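Here are a few short exercises to work through with the model open beside you. Try each task yourself, then follow the solution step by step.

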Amino acid sequence: MPVTRRHAAAALAALPLTLAATGTAHAATARTGAAPARGPGRPRHGGTVYIAGDSTAAPKTATAAPEAGWGTALPAFLGHGWTVANHAVNGRSSKSFHDEGRLAPILEAIRPGDLLLVQFGHNDEKTGDPARGTDPYTTYQDYLRRYVDGARARGALPVLLTPVERRRFGADGRARPTHGEYPEAMRALAAAEGVPLVDVQAASLAEWDRLGPDGTLELFLHLAPGEHPNHPGGKQDNTHFRPRGAIEVARMAARGLKERRLPHPGAIRRLDDAVPESVITWTAG
């Protein structure tokens, strides 16, 4: 059943003020932005943050450098004992990632107290591709529920992240949204299902607007001819990031987690620190 803003508002209005059962603690998370109380099996310090997502988050090979996904930079903002398992893959949507069997190994490995960050949207918008395209308020929400339900069934905490914005500006120099109804459909699902939400779309749109067309160039994969040996002819990519951009989007994600006291108070660090680009690494290939 599709979850619209009206459904989400009704669901929140129906929540009781006192939440005693374990299952309703998830609803409390959505209303307050804080993490639910930890059960006996939830570690207080340390664990794994899993990422299911697309190319904006994914690890890259050395042949793709200097392109970088924000998931590669996320460890820089996590405290001692927390690691990142970045399963994001280029070109995937909520549908194709699941249908290719990529969610299954995450659910096999995830443990109580771990986090599963889920960020899709860029490729769900490709509705002409039956392997990837989804409809915002039907199949997109249906697939996102599979990630949410799978994590919860294993005692882990799912977190939905709206898709990071592309670099697009109007004639007036203001940043423009590019994801249509997908971010709002995710927000509605998060509210209805009691899932913590980190609104990266809103945060990135505001930051791109603040920086402007020229200020965002150093974040995205814009390269002059001869600037990098992997792109001798140059590159103009308004979707993917250079290391600095990956770090700043990871900072947005980490700030959202901290605001929701996830994975636990004190687990997020360095939000206001300068983070060197050396935190970004590339795999062989």
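**Exercise 1. A side-chain contact**

Which residue's side chain does the side chain of Thr48 join in a polar contact?

Solution. Keep in mind that this is a predicted model.
- Step 1: Find Thr48 in strand S1, which spans residues 47-53.
- Step 2: Look for the polar contact of its side chain: the partner is the side chain of Thr83, at 3.4 Å.
- Step 3: Check the pairing of the strands: Thr48 stands opposite Thr83 in S2, and S1 and S2 run parallel, joined by 5 bridges.

**Exercise 2. The surroundings of Thr48**

Decide whether Thr48 is buried or exposed, and list what it touches beyond four places away in sequence.

Solution.
- Step 1: Take the relative accessibility of Thr48, which is 17%.
- Step 2: Compare with the cut-off: buried means under 20%, so Thr48 counts as buried.
- Step 3: Collect the contacts of Thr48, leaving out residues up to four places away: Trp82, Thr83, Ala85, Asp114 and Leu115.

**Exercise 3. The order of the sheet**

Write down the strand order of the open sheet and name its edge strands.

Solution.
- Step 1: Read across the 5 strands, which pair in parallel: S2-S1-S3-S4-S5.
- Step 2: Pick out the strands that pair on one side only: these edge strands are S2 (82-86) and S5 (197-198).
- Step 3: Add the helix: H6 (residues 136-153) packs on the sheet and touches S1, S3 (115-119) and S4 (157-161). The direction of H6 makes about 155° with that of S4.

**Exercise 4. Strand S4 and its neighbours**

Why is S4 described as largely enclosed by the rest of the structure, and how does S4 pair with S3 and with S5?

Solution.
- Step 1: Count the buried residues of S4: 5 of the 5 are buried, so the strand is largely enclosed by the rest of the structure.
- Step 2: Sort these residues by face: Leu157, Val159 and Leu161 lie on one side, Pro158 and Leu160 on the other, and both faces are covered.
- Step 3: Turn to S3, which pairs with S4 in the parallel sense over 4 bridges; Leu115 has Leu157 as its bridge partner.
- Step 4: Turn to S5, which pairs with S4 in the parallel sense over 2 bridges; here Leu161 stands opposite Val198.
- Step 5: Trace the connections. S3, H6 and S4 form a right-handed β-α-β unit, and S4, helix H7 (residues 182-193) and S5 form a right-handed β-α-β unit too.

Notes:
Residues are numbered from 1 along each chain as its sequence is written. This is a predicted model: local features need pLDDT of at least 70, side-chain atom pairs count only at pLDDT 80 or more; totals for chains, interfaces and linings use all residues. Side-chain values use heavy atoms; hydrogens and water are left out. Buried means under 20% relative accessible area, exposed over 50%, partly exposed in between (1.4 Å probe, protein chains only). A polar contact is a pair of N or O atoms within 3.5 Å; within protein, one must be able to donate a hydrogen and the other to accept it, and residues adjacent in sequence count only if both atoms are side-chain atoms. Contact means heavy atoms within 4.5 Å. Two strands pair if DSSP finds at least two bridges between them. Axes are lines fitted to C-alpha atoms, for helices over the stretch in contact, and angles run from 0 to 180 degrees between N-to-C directions. A crossover is right-handed if, with the strands pointing away from the viewer, the path from the first strand over the helix to the second runs clockwise.
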